[in-house]
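Here are my notes for your first read-through. Keep the sequence and the 3D view side by side as you go.

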Amino acid sequence: MNASATPTRGSSPAPGARPPSVPAPSRDGGSRRRFLAAGAAAGAAAALTAAPATAATRAGGRRAATPRTVAVFGGGVAGLTAAHELAERGYRVTVYERKPTGLGGKARSMDVPGTGTGGRRPLPGEHGFRFFPGFYQNLPETLSRIPFPGNRNGCKDNLVDATEELLPRTGGRPELRFPFRTLDAPPSAITPEALRQILTGALDTVLRLPMTEVVYFAERLLVYLTSCERRRVEEWEGTRWWEYIRAERMSSDYQRLLAIGLTRNVVATKAEVASAHTVAHIFEAFLFNVLGRGNDGQPDRVLNAPTNEAWIDPWLALLRSLGVRFVTGAPLVRLEFQGGEITGAVVKDPRTGGNRTITADYYLSAMPVEHARPTWTPGMRAADPQLGRCSALETDWMTGIQFYLREPLPIVHGHLNHVDTPWSITSIGQAQMWPERDFPADYGDGTVADCLSTIVSEWDKPGILYGKKAKECTKDEVVREVWAQMKAGLNDRGRSVLRDELIHSWFMDPAVDGLGGPKPTNDEQLLIHPSGTLHHRPTSGTAIPNFFLAGDYVRNDMDLATMEGANETGRQAVNALLAADGSSAGRCVIRTLYQPPELEPLKRTDEARYRLGLRNLFDLG
């Protein structure tokens, strides 16, 4: 809880009322959208014509009747988090989002154009499905402060548990289906021996690998779990995950399940180059989540409705009520830098299409790194070298496709990791997770009963239908290829889980363009984590006193590019701004991933060994 603000809660449900749920969508979707569009246009006009703060105001301290102004660039999770925290502390915030319908960033859901008939809402599309592991701490706290009708804990009560995982296999190999939840009887104390037994038991039961490989992998995790922070960020950050777990010496299933399957499908980077620190850090978080330590909830949670209905739209309504203004369709062109500070920002005016300079007391960049870098001038990079180091950060394609189906298809009550697919596909059947939704009655043309939402993580390997990389295929070819790759596993051994006649239609994130042509583009890429990446990532506070950074590329405890990391850096940026402003407002609480106290003595021992150039106690090479 933030010390400076009392969160607004939704009202508690009456005794005997239905469980907290998302209200059914309005049948008058068109009227609502026209109303919101008119409001957005009015807000944009007001924001672009508002009187700017002067340099004298910045230098002379806070005026009693004039709150400080903050321009936030980027309306994704990081930008909205920063706007939320600043507005609760009395700052006047304007969020500039480059896309006309981009508020929510990669987390938002999108209407599929032209699909809603008979008073139904359009089919819900998205960049890729959302999930909220139980080790997330900061984002769920923000969700709990967003009021939602009938929910005691706001939008957080819209999270529901996905209880199973399924790994379909090809070539006649048995699929791997297992429960994914906290242990009913976790060990009372976390010791090396207890961890060794839990890891080997789980890996042997679930993955069915040779016991020698199971034991070796468990030992490598034990090395990381007992490594001091310095060894993690210096030695293991500079070590490739593939090398760390000796994947080249192991079986193809070990490589597919523990190396490629995890890093490409979950961490969205290639196992051969991924940082061992990043991948093992996420393994560690899931492990303690399953052991019931430091949990906010179960290991796999999803929203009980499309993201905008369950989260983003209520969040925007709350922020507007706090005085936050939004200007959409207004990309940041460049920042103006003079005298050691930002003196203005040139944005594209959504009304005229021309450029316009806006000013504020403080400037907060919350855009993805590939879009933020071009706005930093040479003078800014010279003033703060960490901005220059961001040029070394890399992004890659990780994009969703939604298949709208004519029949319900609850394959598993959770996610599917199609580990044998060359394009590293993951998926989830969404209708089963939306119990208060009647899919045919609420969305589309009345004939769509489910949505199989998929994510394609590998775009640079040949597929099984056309023998082409995903980036070389047309959109239609990508869709047919993804369907065929999923069928190869789910329909293996004579089954018929996926049938072609089930497909009503499909939707691909419109950020992907030019597929099948010479220069395909993806406007919504994801930060990846090759070894050594951490040392190029900036902090939220910069050497420019009125300029701050947020976004999942900024250093944060999660390390991985996630909604949680974006939320955490939004809080970090606000704290840095409060310090620069000399504000007495309470700082944002930032929660870090759980670390068991039982392992601290071993980590202190490892700190001494690392200084002496010795291996970790459990590292047998």
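1. Start with Glu607. Its relative accessible area is 24%, so Glu607 is partly exposed. Its salt-bridge partner is Arg611, with the closest N and O atoms 3.6 Å apart. Arg611 is exposed, at a relative accessible area of 55%. Both residues sit in helix α18 (residues 600-611). They are 4 residues apart there, so about one helical turn separates them. Remember that this is a predicted model.

2. A wider group comes next. Salt bridges that share partners link Glu85, Glu88, Arg89, Glu141, Arg145 and Arg571 into one network. The structure holds 41 salt bridges. Side chains of opposite charge can pair when their charged atoms come close.

3. Now look at helix α7 (residues 229-236). Arg230 and Glu234 are 4 residues apart in α7, so they too are separated by about one helical turn. They form a salt bridge, and the closest N and O atoms are 3.3 Å apart. Arg230 has 36% relative accessibility and therefore counts as partly exposed. Glu234, at 40%, also counts as partly exposed.

4. Compare Lys468 and Glu477. Their salt bridge brings the closest N and O atoms to 2.9 Å. Is Glu477 buried or exposed? Glu477 is buried, with a relative accessible area of 14%. Lys468 counts as partly exposed, at 25% relative accessibility.

5. Asp492 needs a careful look. Find Asp492 in the loop between α16 (475-490) and β19 (503-508). Asp492 is buried, yet has no salt bridge. Which side chain of opposite charge is nearest? That is Arg493, 4.3 Å away. A salt bridge needs a distance within 4 Å, so this pair does not count.

6. What does the side chain of Asp492 reach instead? One target is the backbone nitrogen of Gly172, at 2.7 Å. The backbone nitrogen of Gly171 lies 3.5 Å from a polar atom of the same side chain, that of Asp492. Leaving aside neighbours within four places in sequence, Asp492 is in contact with residues including Arg169, Thr170, Arg173 and Lys487.

7. Turn to the open sheet. Its 5 strands run in the order β9-β2-β1-β13-β23, and the pairing is parallel. β9 (325-328) and β23 (547-549) stand at the edges. Each has a single partner strand, so one side of each is left without a neighbour in the sheet. From one strand to the next, the twist averages 20 degrees.

8. Zoom in on one pair in that sheet. Strand β1 (residues 69-73) and strand β2 (residues 92-97) are joined in the parallel sense over 5 bridges. Ala71 has Thr94 in β2 as its bridge partner. Helix α3 (residues 77-88) lies across β1, β2, β9 and β13 (362-365). The helix α3 runs at about 170 degrees to β2.

9. Finish with strand β17 (residues 425-429). Of its 5 residues, 5 are buried. Ile425, Ser427 and Gly429 lie on one side, Thr426 and Ile428 on the other, and both faces are covered. In a regular strand the side chains alternate between the two faces of the sheet.

10. β17 has antiparallel partners. Strand β16 (residues 414-418) is joined to β17 by 4 bridges, and Leu416 stands opposite Ser427. The hairpin of β16 and β17 has 6 residues between the strands, and Ser424 takes a positive phi near 50 degrees. Strand β18 (residues 450-456) is joined to β17 by 5 bridges. There, Thr426 stands opposite Ile455.

Methods. Residues numbered from 1 in each chain as written. Predicted model: local features only at pLDDT ≥ 70, side-chain atom pairs only at ≥ 80, totals over all residues. Heavy atoms only, no water. Pairing = 2+ DSSP bridges. Helix = DSSP H or I, 4+ residues; strand = E, 2+ residues; numbered from the N terminus. Axes fitted to C-alpha atoms, helices over the stretch in contact; angles between N-to-C directions. Contact = heavy atoms within 4.5 Å. Buried < 20%, exposed > 50% of the residue type's maximum accessible area, 1.4 Å probe, protein only. Lys, Arg positive; Asp, Glu negative; His and termini not counted. Polar contact = N/O pair within 3.5 Å; in protein donor to acceptor, adjacent residues only side chain to side chain.
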